[in-house]
Amino acid sequence: MRYIFKFPDIGEGLDEGIIAEWYVVKGQEVAMGQSLVKMETDKVVTDIPSPRSGIIAALYGHVGETIRVGSPLAELDIQGLDGAEALAEAAKPVFEPVSEEGAGVVGTLEIAGNSAYLPATTEVQPQESAAAIPASGRKALATPVARALARELGVNIDLVPGTGPAGRVTKNDIESYVTRNGNSHNQSDSGLQDPASRIPNYDLETEIRPLSQIRKTIARNMIQSKHNAAHMTVFDEVEVSRLVDIRARYKESFSQEGLRLTYLPFILKATALALRQHPTLNSEMDTDNGKLILKKYYHIGIAVDTEEGLVVPVVKQVDRLTIRELAMALNILSDKARNRALTLEEMKNGSFTITNYGSIGGQFAVPVINYPQAAILGIGRILEKPVVNNGQVVPGTILPLSLSVDHRIVDGGEATRFLNRVMEYLGDPVSLIMG
């Protein structure tokens, strides 16, 4: 019998995916559970296994093509089944439903390309006279890009020979026409010609890139956050010379164990301990039921910058882990994020988020809350500045902090008290093991 396998709903609210790689070809025999295709979804890159054993009769979609959930992926020829037995086999569910809860990745933009066509029109550029229209009365078929370029350059598109299908005028045709004939509208009354006009289309060059699934998700989540949360940001600085000394003291021993010791494990620990004392920053608002959900777990997401965009893996139970364990967890999650190897489980159930833009550069920012969380902490670049210590101006090491909160949930005073507590822990790192 023939069995059509459709792109399954793998949970987390995903409704489409992009084919990244086919592992099979038409005519190949596959076993149940064997990976058929690698799909890039909004949140992860994952392999889709075959639900049945059989022979590949057809594959639907090419690499790079977007497939909607429920659309056909592959057709299998299952040997030895017919009649009632075949109907019973086809009725079996492919995957169990997956619950959808709290995964995080920190509209499709339609752009007319050079191969999309608009019908012929009677439009004439305002600076062109009707006499310029060919006697044949030809009205050009043209792509949207070509029509916009012609309008910008003051070219009567009906005069441009088209080389596209059915004689359609393309962007390249417009550029070639300008190169051959020049552009009288770039010449002044004095007879002097703008030097830039010798370079065809010098100010209209573009590059069009398709939006990745991650970029679509980031765009959707950012708009959702700014639309639903009342953002407020508090800025401050903390002197961290003792933290710098402690990290320098243990960095080499961690390195010998294959661990990178950054400042993030200390910041994670300080944040979790402060959240215990200021629970509203570790909450979310249930507006439908008029309730505030205070979370008793401290799962902190770390925004990781990757080539594909921002992803937010979650370090679980931060308050219960040592600095060494936090460094190990960060090393593992960061490497997996950059290699597109994160699982959905590693991106779920975050209660608070930290974004460390200071590792690239920049002191302060206005971080966007990872909605529906109540707050996000931004870490700036550590720098040396003069500070006052016991009435004396001395060199200091300053860590800039930016805390954005949902002002519907967290008042300004509570946000400041929380940030003060974080700074106390970072200014006195020994307190992190005493708290």
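These legends accompany close-up views of a predicted model.

**Figure 1. Overview of the predicted chain and its secondary structure.** The chain holds nine helices and 18 strands. Of its 435 residues, 42% are buried. The exposed area of the chain amounts to about 22700 Å², and 52% of that area is supplied by carbon and sulfur atoms.

**Figure 2. Packing of helix H6 against helix H7.** Helix H6, which covers residues 264-277, packs against helix H7, residues 323-338, at an angle of about 115°, and the axes of the two helices are 9 Å apart. The crossing in which H6 passes H7 is right-handed. On the H6 side the contact is made by Leu264, Pro265, Phe266, Leu268 and Lys269, while H7 contributes Ile323, Leu326, Ala327 and Leu330. Sorted by character, the residues of this contact comprise eight nonpolar, no polar and one charged.

**Figure 3. The edge-to-face pair of Phe235 and Phe364.** The structure holds two aromatic pairs, and this view is centred on the pair formed by Phe235 and Phe364, whose rings lie 5.7 Å apart centre to centre with 90° between the planes, an edge-to-face arrangement. Phe235 belongs to strand S9 (residues 231-239), whereas Phe364 sits in the loop between strand S15 (352-355) and strand S16 (375-379), so the pair ties together parts of the chain that are 129 residues apart in sequence. Phe235 has a relative accessibility of 43% and therefore counts as partly exposed. Phe364 is likewise partly exposed, with a relative accessible area of 37%.

**Figure 4. The tilted pair of Phe352 and Phe418.** The rings of Phe352 and Phe418 form an aromatic pair with 5.9 Å centre to centre and 50° between the planes, an arrangement that is classed as tilted. This pair links distant parts of the chain, with Phe352 in strand S15 and Phe418 in helix H8 (residues 412-427), 66 residues apart. Phe352 has a relative accessibility of 0% and so counts as buried. Phe418, also at 0% relative accessibility, counts as buried too.

**Figure 5. A cis peptide bond and two residues with positive phi.** Most residues other than glycine have a negative phi, and most peptide bonds are trans. Against that background, the view shows a cis peptide bond that joins Tyr371 and Pro372, with omega at about 15°; Pro372 lies in the loop between S15 and S16. Gln317, a residue other than glycine, has a positive phi, near 50°, and is placed in the loop between strand S14 (314-315) and H7. With a relative accessible area of 27%, Gln317 is partly exposed. Asn349 also has a positive phi, near 65°, in a residue other than glycine, and is found in the loop between H7 and S15. The relative accessibility of Asn349 is 26%, so this residue counts as partly exposed.

**Figure 6. Surroundings of Ile55 in strand S6.** Ile55 is found in strand S6, which spans residues 54-59, and at 28% relative accessibility Ile55 counts as partly exposed. The C-alpha atoms of Ile55 and Gln28 are separated by 5.6 Å, although the two residues are 27 residues apart along the chain. When residues up to four places away in sequence are not counted, Ile55 touches Gly27, Gln28 and Glu29, together with Glu75, Leu76, Asp77 and Gln79.

**Figure 7. Two loop residues, Ala142 and Arg340.** Ala142 has its place in the loop between helix H1 (83-90) and helix H2 (144-153). With a relative accessibility of 0%, Ala142 counts as buried, and its C-alpha atom is separated by 6.1 Å from that of Thr170, which is 28 residues apart from Ala142 along the chain. Arg340 is found in the loop between H7 and S15 and, at 22% relative accessibility, counts as partly exposed. A separation of 8.8 Å is found between the C-alpha atoms of Arg340 and Thr306, two residues that are 34 residues apart along the chain. Not counting residues up to four places away in sequence, Arg340 touches Glu40, Val44, Val45, Ile214 and Glu308.

Terms used
Residues numbered from 1 in each chain as written. Predicted model: local features only at pLDDT ≥ 70, side-chain atom pairs only at ≥ 80, totals over all residues. Heavy atoms only, no water. Axes fitted to C-alpha atoms, helices over the stretch in contact; angles between N-to-C directions. Helix = DSSP H or I, 4+ residues; strand = E, 2+ residues; numbered from the N terminus. Left-handed = near helix turned anticlockwise from the far one by under 90°. Contact = heavy atoms within 4.5 Å. Nonpolar A, V, L, I, M, F, W, Y, C, P; charged D, E, K, R; others polar. Buried < 20%, exposed > 50% of the residue type's maximum accessible area, 1.4 Å probe, protein only. Areas by Shrake-Rupley, 256 points an atom, 1.4 Å probe, with all protein chains shown as cover. Phe/Tyr/Trp six-rings, centres within 6.5 Å; stacked < 30°, edge-to-face > 60°.
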